[in-house]
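Colleague: Could you take me closely through one part of this model, and then show me how that part sits within the rest of the protein? I would like the terms spelled out as you go.

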Amino acid sequence: MERINSLSDKRIIITAKMNGRDAKFLIDTGATVGVISRNIQKKYGLSVGRKFPKPLVGAGGEFDAFYCNTPAYIGNRPITQFLLADISGVVESVKSQTGMEIQGIISLAQMRMVGMTINTNDNTVTVA
């Protein structure tokens, strides 16, 4: 079991690895899908699949997405099933609140897949 401290006291943000590089992820229990910022595709060498069949709708508006075949890792636990999309509105919103630039969002479904729990009393995340 791994316990991780949030990088922010305003939002739950953790570091994961993608292709061996550190990336910051917002933990969002209200998100139905995990999303990685399309702006980091080349920098992180992300493997992109086919286009998602319909536009995503969220706080940042409506946007096209692609399947991302690159997992993020917390320790040795892979987190999969990300979409790649322009989430610059969300990235800017989180940055204005926390001073941190996120590279992606981990959804509730992904949290369940890796046995992730959140303790909001001390802003920690535990991965089974």
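Modeller: In strand 12 (residues 104-107), G104 and I106 point one way while I105 and S107 point the other way, and all of them are buried. Strands here are DSSP runs of E with at least two residues, helices are runs of H or I with at least four residues, and both are numbered from the N terminus; buried means under 20% relative accessible area, exposed means over 50%, and partly exposed is in between, with a 1.4 Å probe and protein chains only. In a regular strand the side chains alternate between the two faces of the sheet. This is a predicted model, in which local features need pLDDT of at least 70 and side-chain atom pairs count only at pLDDT 80 or more, while totals for chains, interfaces and linings use all residues. Residues are numbered from 1 along each chain as its sequence is written, and side-chain values use heavy atoms, with hydrogens and water left out.

Strand 12 pairs with strand 3 (21-28), and the two run parallel, joined by four bridges; strands count as paired if DSSP finds at least two bridges between them. Within this pairing, F25 stands opposite G104 of strand 12. Strand 12 also pairs with strand 4 (residues 34-37), this time in the antiparallel sense and over two bridges, and there V35 stands opposite I105.

F25 is a good residue from which to look outward. Leaving aside neighbours within four places in sequence, F25 is in contact (heavy atoms within 4.5 Å) with G104, I105 and I106, and also with I12, I13, I14, A16, M18, I36, A72 and F82. F25 is also one of the residues with the most contacts inside the largest nonpolar core, together with M18, I36 and M116, and that core has 24 residues. Strand 2, strand 3, strand 9 (72-74), strand 11 (82-85) and strand 14 (124-127) each supply at least two residues of this core. A nonpolar core is a set of buried Ala, Val, Leu, Ile, Met, Phe, Trp, Tyr and Cys residues joined through side-chain atoms within 4.5 Å. A second, separate core has 17 residues, L56, F63, I87 and V94 among them.

V94 of that second core lies in helix 1 (residues 88-98) and is buried, with a relative accessible area of 1%. Not counting neighbours within four places in sequence, V94 is in contact with R11, I13, L26, G99, M100 and I102.

On the other helix, Q110 lies in helix 2 (residues 108-113), and at 2% relative accessibility Q110 counts as buried. Beyond residues up to four places away in sequence, Q110 touches I105 of strand 12, as well as G34, I79, T80, Q81 and F82.

F82, which is in contact with F25, also takes part in another pairing: strand 8 (residues 65-68) and strand 11 run antiparallel, joined by four bridges, and F82 in strand 11 stands opposite C68. Strand 8 pairs as well with strand 5 (residues 48-51), in the antiparallel sense over two bridges, and there the bridge partner of K51 is F66.

Some loop residues complete the picture. S6 lies in the loop between strand 1 (2-5) and strand 2 (13-18), and at 15% relative accessibility S6 counts as buried. A polar atom of the S6 side chain lies 3.1 Å from the backbone oxygen of R11. Apart from neighbours within four places in sequence, S6 is in contact with R11, I12, I13 and N123. N123 is found in the loop between strand 13 (116-119) and strand 14, and has a positive phi of about 55° although it is not a glycine. N19, in the loop between strand 2 and strand 3, likewise has a positive phi, of about 50°, without being a glycine; N19 is partly exposed, with a relative accessible area of 47%.

Taken as a whole, the protein has two helices and 14 strands. Its radius of gyration is 14 Å, close to the 14 Å that the globule rule gives for 128 residues, so the protein is as compact as a globular protein of that length; the radius is taken over C-alpha atoms, and the rule is 2.2 Å times the number of residues to the power 0.38. Buried residues make up 43% of the 128 residues.

Methods. Polar contact = N/O pair within 3.5 Å; in protein donor to acceptor, adjacent residues only side chain to side chain.
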